[in-house]
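Good morning, and thank you for joining this short session. Please look first at the sequence and the structure, and then I shall go through the main points in turn.

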Amino acid sequence: ASRARAEGEEMTRAWTEAETRQLKAWARKKVSAEDIAKSLGRHVGPVKRMARELGLILFKKVKAKPKG
């Protein structure tokens with residue numbers, strides 16, 4: 001049986017303590033939100049939301065500048 005969710009609430013799985021620790025560690029190492037999401041098997045949105053809730057700053061992926 002599925003449980004009804006409040007309007008606007010997304011279906012997201014709860015964050016484990018290990019995932020939260022990993023997110024904090026990667027944020028300190030300036031790993032991008034996209035890379036963290038891939039590593040955790042999550043979408044970027046929930047990763048950014050959790051980082052914001054924890055007061056972490058995530059960096060955008062830096063693209064290599066073309067030489068020339």
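**The pocket and the chain around it**

I begin with the lining of the largest pocket, which is made up of Ala-33, Glu-34, Lys-48, Ala-51, Arg-52, Leu-56, Leu-58, Phe-59 and Lys-60. Sorted by class, this lining holds 5 nonpolar and 4 charged residues, with no polar ones. The volume of the pocket is about 150 Å³. Two helices, H2 (33–40) and H3 (44–53), each provide at least two of the lining residues. Which element gives the most to this lining? It is H3, with 3 residues.

Let me now place the pocket in its setting. What we have here is a predicted model. Its mean pLDDT is 84, and 72% of the residues reach 70 or more. One stretch calls for caution: over residues 4–8 the pLDDT stays under 50, and for these residues the model has 2 contacts beyond four places in sequence.

As to secondary structure, the chain has 3 helices and 0 strands, so that, read from the N terminus, the elements run α-α-α. Of the 68 residues, 24% count as buried. Where contacts join residues at least 6 apart in sequence, 58% of them link residues at least 24 apart.

I turn next to Leu-56, one of the lining residues of the pocket. Leu-56 sits in the segment after H3. Is Leu-56 buried, partly exposed or exposed? With a relative accessible area of 22%, Leu-56 is partly exposed, because this value lies above the 20% limit for buried residues and below the 50% limit for exposed ones. Setting aside neighbours within four places in sequence, the contacts of Leu-56 are with Leu-23, Lys-24, Ala-27 and Ala-51. Ala-51 also belongs to the pocket lining. The C-alpha atom of Leu-56 is separated by 8.3 Å from that of Arg-28, although the two residues are 28 apart along the chain.

Ala-27 leads us into helix H1. Its relative accessible area is 7%, and Ala-27 is therefore buried. Beyond the residues up to four places away in sequence, Ala-27 touches Ile-36, Leu-56, Ile-57 and Leu-58. Leu-56 and Leu-58 are both among the residues that line the pocket. How far apart are the C-alpha atoms of Ala-27 and Phe-59? The separation is 7.8 Å, for two residues that are 32 apart along the chain.

Let us move to the start of the same helix, H1, which covers residues 17–28. Thr-16 is found in the segment before H1 and is partly exposed, with a relative accessible area of 41%. The side chain of Thr-16 reaches the backbone nitrogen of Glu-19 at 3.0 Å.

Glu-19 itself is in H1. Is this charged residue, Glu-19, buried or exposed? Glu-19 is buried, because its relative accessible area of 11% falls under 20%. The side chain of Glu-19 also makes a polar contact, at 3.1 Å, with the side chain of Arg-13. Apart from neighbours within four places in sequence, Glu-19 is in contact with Arg-13, Ala-14, Leu-40 and Arg-42. Of these, Leu-40 is in helix H2, given that H2 spans 33–40.

Thr-20 lies in H1 as well. Its relative accessibility is 15%, so Thr-20 also counts as buried. Neighbours within four places in sequence aside, Thr-20 is in contact with Trp-15 and Leu-54.

My last residue is Lys-30, in the loop between H1 and H2. Lys-30 is exposed, since its relative accessible area of 56% is over 50%. What is notable about its backbone? The phi of Lys-30 is near 60°, a positive value in a residue other than glycine. Most residues other than glycine have a negative phi.

To close, I return to two points. The largest pocket draws at least two lining residues from each of H2 and H3. From H1, Ala-27 is in contact with Leu-56 and Leu-58, and both of those residues are part of the lining.

Notes. Residues are numbered from 1 along each chain as its sequence is written. This is a predicted model: local features need pLDDT of at least 70, side-chain atom pairs count only at pLDDT 80 or more; totals for chains, interfaces and linings use all residues. Side-chain values use heavy atoms; hydrogens and water are left out. Helices (H or I, at least four residues) and strands (E, at least two) are DSSP runs, numbered from the N terminus. Buried means under 20% relative accessible area, exposed over 50%, partly exposed in between (1.4 Å probe, protein chains only). A polar contact is a pair of N or O atoms within 3.5 Å; within protein, one must be able to donate a hydrogen and the other to accept it, and residues adjacent in sequence count only if both atoms are side-chain atoms. Contact means heavy atoms within 4.5 Å. On a 1 Å grid over the protein atoms alone, a cavity is a set of points where a 1.4 Å probe fits but cannot get out, and a pocket is an open set with protein on both sides within 12 Å along at least five of seven lines; lining residues have an atom within 4 Å of a point. Grid points are joined across faces, edges and corners, and a volume is the space filled by probe spheres set on the points. Ala, Val, Leu, Ile, Met, Phe, Trp, Tyr, Cys and Pro count as nonpolar, Asp, Glu, Lys and Arg as charged, and the others, Gly among them, as polar. pLDDT is the predictor's confidence in each residue, from 0 to 100.
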